[in-house]
Amino acid sequence: MNFKGKTILVTGGTSGIGKATVSLFTQAGATVGVNHIGQHEAFIELERELSEAPGKLIELEANVTDAGQVRVALDTLLSATNRLDVLVNNAGVSLIKPFLEITEDEWDHIVDTDLKSVFLCCQAAIPELLKTRGTIVNIASELAISGRAKFAPYTAAKGGIISLTRSLAREFAPTIRVNAVAPGPTSTPMLAAEAAVPGHNESTADIPLGRYADPVEIATSIVFLASEHAGYFCGDILSPNGGAVMR
Ligand SMILES: NC(=O)c1ccc[n+]([C@@H]2O[C@H](COP(=O)([O-])OP(=O)(O)OC[C@H]3O[C@@H](n4cnc5c(N)ncnc54)[C@H](O)[C@@H]3O)[C@@H](O)[C@H]2O)c1
């Protein structure tokens, strides 16, 4: 796929699925705004890894739960490229905790990072995407469909992303296509941190393909939805999940 001359913004782009997505877009020739929070070293390493790629990276450190920081990050990217073609809302955090023990601050942290951030980034980016007839790809989760014990705020936020995706798809079609990817368990630092939680049972037993996804297998769905090849996808939820959730 060719993204030469295109500008992409990937939130949470220095780790896991976001990093693989940045890598594919950069190899396809795009200028990629790489958002992260507190991962400057990881950005420098990624820039080094991609130094031979035809595209280019622009570092955008910002907390995506803060409207002012989102604005500054987008303005930094626009001052370099003067356009925005694709927004990938990927930044996210998870929490494994019994529902009755979740504090209000924990609920707000998860829902703000996973869902409010999508509202803030979309509201900032859509005026630019209207100019370029651009596209948005939001990252939900298969858990939004299946639900999971001890994941209440995370699954609620991811379900919200699916609903928000469909509402924005209807509101901004045909100018902007809005779609989502709902991955199954993927080998990233987030999954490793979850697996390390005492008492948490993370296993491939219920996955028909019998393994976790590699981040690049999720990134290919994201890049596909952002590409002209997905020109008839609108409000859709692509679900690379190894068969764990079939619908
Ligand atoms: N790994 C999985 O199994 C899996 C499955 C389904 C969905 N997802 C979703 O995919 C996305 C990426 O997950 P991952 O596994 O690659 O996670 P990860 O922990 O490897 O990366 C998350 C990224 O988000 C960034 N981030 C977190 N909070 C932020 C904030 N407030 N502002 C800006 N950036 C912030 C981090 O800096 C990091 O770059 C998330 O939305 C996650 O919920 C992951």
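This is a chat about the fold and the ligand shell of a predicted model.

Biologist: What kind of model is it, and how are residues numbered?
Modeller: It's a predicted model, where local features need pLDDT of at least 70 and side-chain atom pairs count only at pLDDT 80 or more, while totals for chains, interfaces and linings use all residues. Residues are numbered from 1 along each chain as its sequence is written.

Biologist: How many helices and strands are there?
Modeller: Eight helices and seven strands. Those are DSSP runs numbered from the N terminus, with at least four residues for a helix (H or I) and at least two for a strand (E).

Biologist: Why call it as compact as a globular protein of that length?
Modeller: The radius of gyration is 17 Å, close to the 18 Å from the globule rule for 247 residues, so the protein is as compact as a globular one of that length. The radius is taken over C-alpha atoms, and the rule is 2.2 Å times the number of residues to the power 0.38.

Biologist: OK, the sheet. What's the strand order?
Modeller: The order is 3-2-1-4-5-6-7, in an open sheet with parallel pairing. Two strands pair if DSSP finds at least two bridges between them.

Biologist: Which strands are at the edges?
Modeller: Strand 3 (56-61) and strand 7 (237-238). Each has a single partner strand, so one side of each has no neighbour in the sheet.

Biologist: And how many bridges join strand 4 and strand 5?
Modeller: Four, with strand 4 (residues 86-89) and strand 5 (residues 135-139) running parallel. Val88 sits opposite Val137, and Val86 has Thr135 as its bridge partner.

Biologist: Is strand 5 buried or exposed?
Modeller: Five of its five residues are buried, so strand 5 is largely enclosed by the rest of the structure. Thr135, Val137 and Ile139 point one way, and Ile136 and Asn138 the other. Buried means 20 or more other C-beta atoms within 10 Å of a residue's own, with C-beta atoms placed from the backbone; exposed means 12 or fewer, and partly exposed is in between.

Biologist: Switching to the ligand: which residues are closest?
Modeller: Gly12, Gly16, Gly92, Thr188 and Met190, out of 28 that surround the ligand. A residue is near if its C-beta atom, placed from the backbone, lies within 6 Å.

Biologist: Which elements give two or more residues to that shell?
Modeller: Helix 1 (16-27), strand 2 (31-36) and helix 7 (189-195).

Biologist: How many of the shell residues are charged?
Modeller: No charged ones, just 11 nonpolar and 17 polar. Here Ala, Val, Leu, Ile, Met, Phe, Trp, Tyr, Cys and Pro count as nonpolar, Asp, Glu, Lys and Arg as charged, and the others, Gly among them, as polar.
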